[in-house]
Amino acid sequence: MKNRLKVLRAMRDWSQAELAMHLDVSRQAVNAIETGRHDPSLPLAFRLARLFEMPIEEIFDDEA
């Protein structure tokens, strides 16, 4: 699944570790989601949407 997570994180000047801290996940989890190796759980996707104050659909794109 494609996502804008890296861009959104960079806009706030956060490292992967800082984003992970805000989400209560590991830095490795953030990296796996950013690189498309792992899709977030629905609760984590909602936490990301709230953190970045945008709809989930604006962060993630399920079309290839």
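**View 1. The stretch from residue 5 to residue 59 is 69% helix and 0% strand.** Its end C-alpha atoms sit 7 Å apart. Helices here are DSSP runs of H or I with at least four residues, strands are E runs of at least two, and both are numbered from the N terminus. This is a predicted model, where local features need pLDDT of at least 70 and side-chain atom pairs count only at pLDDT 80 or more, while totals for chains, interfaces and linings use all residues. Residues are numbered from 1 along each chain as its sequence is written, and side-chain values use heavy atoms, with hydrogens and water left out. An unreviewed UniProt entry puts the annotation "domain: HTH cro/C1-type" on residues 5–59; UniProt positions follow the numbering used here, feature names are shortened, and annotations may be inferred rather than shown by experiment.

**View 2. Helix H3 (residues 27–34) and what covers it.** Val-30, Ala-32, Ile-33 and Glu-34 are the buried residues of H3. Buried means under 20% relative accessible area, exposed means over 50%, and partly exposed lies in between (1.4 Å probe, protein chains only). The cover over these H3 residues includes strand E1 (2–3), helices H1 (5–11), H2 (16–23) and H4 (42–52), and strand E2 (60–61). Just past the end of H3, Gly-36 has a positive phi of about 80 degrees.

**View 3. The largest nonpolar core has 16 residues.** Such a core is a set of buried Ala, Val, Leu, Ile, Met, Phe, Trp, Tyr and Cys residues joined through side-chain atoms within 4.5 Å. Leu-5, Leu-19, Leu-48, Phe-52, Ile-59 and Phe-60 touch the most other members. H1, H2, H3 and H4 each chip in at least two residues, and H4 gives the largest share, 5 residues. Zoom in on Phe-52: leaving out residues up to four places away in sequence, Phe-52 touches Leu-5, Leu-8, Arg-9, Arg-12, Trp-14, Leu-19 and Ile-59. Contact means heavy atoms within 4.5 Å.

**View 4. H2 packs against H4 at about 110 degrees, with the axes 10 Å apart.** That makes H2 roughly perpendicular to H4, a label for angles of 65 to 115 degrees. Axes are lines fitted to C-alpha atoms, for helices over the stretch in contact, and angles run from 0 to 180 degrees between N-to-C directions. H2 brings Leu-19, His-22 and Leu-23 to the contact, and H4 brings Leu-44, Arg-47, Leu-48, Leu-51 and Phe-52. By class, that is 6 nonpolar, 1 polar and 1 charged. Ala, Val, Leu, Ile, Met, Phe, Trp, Tyr, Cys and Pro count as nonpolar, Asp, Glu, Lys and Arg as charged, and the others, Gly among them, as polar.

**View 5. H2 also crosses H3, at roughly 105 degrees.** Their axes come within 8 Å, and the two helices are therefore roughly perpendicular to each other. Gln-16, Ala-17, Leu-19 and Ala-20 of H2 meet Arg-27, Val-30, Asn-31 and Glu-34 of H3. This contact has 4 nonpolar, 2 polar and 2 charged residues.

**View 6. Two loop residues with positive phi, Asp-24 and Glu-53.** Most residues other than glycine have a negative phi. Asp-24, in the loop between H2 and H3, has a phi of about 60 degrees and counts as exposed because its relative accessibility is 70%. Glu-53, in the loop between H4 and helix H5 (56–59), has a phi near 55 degrees and is exposed, with a relative accessible area of 70%.

Key: Angles under 35 degrees count as roughly parallel, over 145 as roughly antiparallel, 65 to 115 as roughly perpendicular and the rest as oblique.
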